[in-house]
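User: I would like to learn how to read aromatic ring pairs in a model such as this one. Could you take me through the general idea and then the case at hand?

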Amino acid sequence: ALAASKKDDKESGFRVFAHGVIECAECLDAGILHCKSQVILGTGWKHMPTASGELAANVDVITQLSDRLPGPVPKFTWNCPFECDLLGKSPSGWPQLVVCVMTIDSQGQDVVVGYCRTHVPLQAGRKTINLPIMKPLAAQPKQALFSWVSGQPPEVKDLKFFTNVEDRGVVTMKRLPGYVRVSFDVSISGMKKMGYE
């Protein structure tokens, strides 16, 4: 009984379960798009294992390639699901979803088009969000020239960078026309027990 009590104390907090879908995008900057997403957690948060003791296989996902749909609207469709089961001790560090939007160059290499990010909704229920696509700009003219010649725009290797306010302040970003649409179904339990409304 004592061991069970210690385990309950260790697992105390509130649970956030989010099932989401990266639905589609509108973007003028490419004819083929795909994206990868990552759920980033702050301090005091962790992923909860499944019944088999492993993390969910589709927490961080990579979509399939999507060709631009014919017509006047530059639309790409993925309908790629993801889900996460999280335990948090405090609303500080609330989980965020970061999406990296990519295309394919003539050599078949991934080229970053831009990035999006959002917090997992703070309230239970269904929510659909159109995330603006932001593109990093070169910090110096020399870097901009190299980027143009090589065909490799500036990119961020670690998506956690976008969840840190201090780090984001040192990067110049340009908003691209278009968006990535993400829908969430969220359930939250244990907030009142932890003293939050």
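User: Are W45 and W94 buried or exposed?

Analyst: Both W45 and W94 are buried, where buried means under 20% relative accessible area, exposed over 50% and partly exposed in between, with a 1.4 Å probe and protein chains only. For W45 the relative accessibility is 8%. This is a predicted model, in which local features need pLDDT of at least 70 and side-chain atom pairs count only at pLDDT 80 or more, while totals for chains, interfaces and linings use all residues. Residues are numbered from 1 along each chain as its sequence is written, and side-chain values use heavy atoms, leaving out hydrogens and water.

User: How should a ring pair be described, and how many aromatic pairs does the whole structure hold?

Analyst: A pair of aromatic rings is described by the distance of the centres and the angle of the planes. Rings of Phe, Tyr and Trp (its six-membered ring) pair if their centres lie within 6.5 Å, and planes under 30 degrees apart count as stacked, over 60 as edge-to-face and the rest as tilted. A search of the whole structure finds four such pairs. In one of them, the ring centres of F14 and W45 are 5.5 Å apart with the planes at 75°, so the pair is edge-to-face.

User: Which parts of the chain does the pair of F14 and W45 tie together?

Analyst: F14 lies in strand β1 and W45 in strand β3 (residues 45-47), so parts 31 residues apart in sequence are tied together; strands are DSSP runs of E, at least two residues, numbered from the N terminus. F14 is buried, at 0% relative accessible area.

Notes. Helices (H or I, at least four residues) and strands (E, at least two) are DSSP runs, numbered from the N terminus.
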